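Reader: Please take a close look at the strand pairing in this model, and then set that part in its surroundings. A single connected account would suit me better than a list.

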Amino acid sequence: MLTSDHLDEALRSLGAVLEGRGISSGILVVGGSSLLLLGLIKRPTADLDVIGIASDGRYSKAEKIPEPLANAARDVAAALGLRDTWLNNGPASLFDFGLPEGFESRVQIRLYDTLEVHIAGRFDLLCFKLYAAVDHFGIRESKHLADLRELNPTEPELIRAARWTRTHDPSEGFKEELIEVLAIFGVAATDAAL
Amino acid sequence: MPPSSTTQSVLAEYELSLAWGAWVELGVSGWQPTHVNWAVDPEPLIIHTAYLADADPRLRDEALDWCIQYWRYVSKVRLRNLLQGRSAEVLDAWGPFGATVNKHSGSHWPLGTESFPYRLTGRSSLDAMAQPSRAWLRLRAMFGLGARTEILRYFLSDHPRATVATIAQHVGYAKRSVADECDSLEKAGVLKVQHTANRFYYTLAHGDEFRAWVGGIAPVQPNWTALLAVTSTFVALEESAKSLSRDALSVEAHRAARLLDGALDTLGIEQRPRLAGGKDHWPVVRDFAKRHMAAWAAGKWGTTALPQT
């Protein structure tokens with residue numbers, strides 16, 4: 001598992017390796033590792049979720065991790081004793097139905113030599129976490145629910161985030177569970193609000 | 001001369017000492033012989049010497065002199081096969097070297113580009129091949145250049161039995177050529193074939209008699225392709241150490257150690273750098289490289305020859 005220190009060390013090494021190999025790379029990251037990088041949670045995380053590639057001021061879906069970056073990440077994993085998949089594009093499908101409006105303006109960029117890590121903003125991470133929490137609802141001790149609590153969201157934020165999750169899953173079943181999750185946070189959402 | 005321990009490029013100097021030692025055994029004008037116990041394989045050494053040209057122009061010039069005089073003992077097929085898939089840096093260095101040999105001799109070595117101005121030094125001498133270190137050249141003088149000779153070299157290098165695929169992998173000739181020549185050598189009674197579990201294993205039919213007839217063979221018979229892959233990887237790392245950050249160097253050192261696993265196996269070296277996850281790997285890899293390359297530079301082989309840390 002990656003603690004905040006491990007994650008920082010891994011990214012520092014990855015950036016240094018990329019620089020040494022004459023490669024520049026920009027990645028858009030979300031998930032628990034992003035919350036960790038922003039100091040919003042303290043729990044260790046399994047991996048760094050890459051959803052997009054940042055290039056020329058634009059983001060595109062990370063259909064796959066570019067080969068030179070993937071090779072460097074594997075070499076870093078071997079050297080630091082991390083899992084081979086510590087940097088992966090698992091949740092890249094979030095890109096398919098669009099990211100929350102204005103997400104670009106909330107991104108924070110960290111530079112590790114020639115590696116640019118674009119970290120989604122707190123509100124965007126809240127949207128993704130709410131979506132994941134509903135998706136995993138019913139699973140005891142969901143880490144996503146725990147992360148949501150750590151974010152300490154306000155009611156308006158949760159309502160806005162809930163509306164965004166509906167763009168990704170407009171089904172009735174999802175809406176019912178969304179209402180239940182919101183209730184956990186003391187938000188009594190109505191059909192109309194969602 | 002062994003490099004001083006304070007030298008920045010100590011591994012590079014060890015590598016040059018190894019190359020010089022090998023060339024002196026082949027008849028290049030050089031210092032005192034250090035590798036009399038090593039059986040030298042010319043093609044990997046020639047390719048690598050072209051790559052080392054910038055590091056030691058005198059070595060390049062003396063090696064060129066030898067190549068221009070004795071190119072008939074060098075296999076262009078094997079050169080081509082060994083150059084296949086090599087890095088752009090190796091091919092870039094090879095192009096002018098090969099072209100210069102071609103310009104001054106009757107050779108048609110592959111992948112030559114533009115020759116460079118060169119005057120023969122005339123100092124190389126291959127007056128006899130009785131020396132054990134010249135055993136592989138002697139085989140060529142006996143049986144000619146080609147896969148057949150390299151197959152015999154393979155079996156004379158302490159390889160008791162092998163399939164065609166394994167032999168081809170070691171000798172630098174295509175599997176098809178090796179298969180044809182193994183078949184001929186078996187028909188001639190030089191090799192014998194054993195059929196085990198759907199595979200054909202070849203072995204020398206009369207090993208002791210054949211060895212006695214071929215003459216003295218130096219006891220140190222490394223796979224030179226693997227050996228020079230190991231040395232050049234370590235030297236490249238040492239060079240990188242001058243510019244890379246500590247974090248990057250640690251990762252690259254770990255990667256190099258992993259990549260060299262197969263080559264070290266081929267050389268029969270069981271020891272490996274002791275790498276622990278998350279540590280600074282370069283000092284461990286450098287120490288491993290220094291111990292082995294210091295021994296090789298001095299013409300020593302085997303774990304007992306390694307200097308103490």
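Author: Two strands are taken as paired if DSSP finds at least two bridges between them. In this predicted model, strand S1 (residues 191–196) of chain B and strand S2 (residues 199–204) of chain B pair over 6 bridges, in the antiparallel sense. At the end of S1(B), B:Thr196 has B:Arg199 of S2(B) as its bridge partner. The hairpin has 2 residues between its strands. One of the residues to inspect there is B:Ala197, which takes a positive phi near 45 degrees.

The chain around this hairpin is described by 14 helices and 2 strands. A compact globule of 309 residues would have a radius of gyration near 19 Å, and because chain B has 20 Å, its value agrees with that rule. Along the principal axes, the C-alpha atoms of chain B fill a box of roughly 60 × 50 × 35 Å. Buried residues make up 42% of the 309 in chain B. Of the contacts in chain B between residues at least 6 apart in sequence, 62% join residues at least 24 apart.

Confidence comes next. Chain B has a mean pLDDT of 93, with 97% of its residues at 70 or more. Residues 1–7 of chain B have pLDDT below 50, and this stretch makes 7 contacts in the model beyond near neighbours in sequence. Where pLDDT is low, predicted coordinates should not be read in detail. For the complex, the predictor gives an ipTM of 0.87 and a pTM of 0.88.

The partner chain can be described in the same terms. Chain A has 8 helices and 6 strands, and along the sequence these follow the pattern α-β-α-β-β-α-β-α-β-β-α-α-α-α. For 194 residues, a compact globule would have a radius of gyration near 16 Å; chain A has 17 Å, which agrees. Its C-alpha atoms fill a box of roughly 55 × 35 × 25 Å along the principal axes. In chain A, 43% of the residues count as buried, and 69% of contacts between residues at least 6 apart in sequence join residues at least 24 apart.

Where the chains meet, the contact takes 14 residues from chain B and 12 residues from chain A. On the chain B side, helix H12 (residues 246–259) gives the most, with 8 residues. That side of chain B has 3 nonpolar, 7 polar and 4 charged residues.

Inside the model, the largest nonpolar core holds 144 residues, and those touching the most other members are A:Leu14, A:Val50, A:Val76, A:Leu130 and B:Ile151. Helix H1 (residues 10–26) of chain B gives the most to this core, with 12 residues. Neighbours within four places in sequence aside, A:Leu14 is in contact with A:Ala72, A:Ala73, A:Val76, A:Tyr112 and A:Leu115.

A residue of chain A with another setting is A:Lys143, in helix H6 (residues 143–151) of that chain. A residue is buried with 20 or more C-beta neighbours within 10 Å and exposed with 12 or fewer; A:Lys143 has 17 inside 10 Å and therefore counts as partly exposed. From A:Lys143 to A:Gly15 the C-alpha to C-alpha distance is 29 Å, with 128 residues of separation in sequence.

How values were computed: Residues numbered from 1 in each chain as written. Chains lettered and ligands numbered in written order. Predicted model: local features only at pLDDT ≥ 70, side-chain atom pairs only at ≥ 80, totals over all residues. Core = buried A, V, L, I, M, F, W, Y, C linked by C-beta atoms within 7 Å. Helix = DSSP H or I, 4+ residues; strand = E, 2+ residues; numbered from the N terminus. Contact = placed C-beta atoms within 7 Å. Rg over C-alpha atoms; globule rule 2.2 N^0.38 Å. pLDDT = per-residue confidence, 0-100. Nonpolar A, V, L, I, M, F, W, Y, C, P; charged D, E, K, R; others polar.
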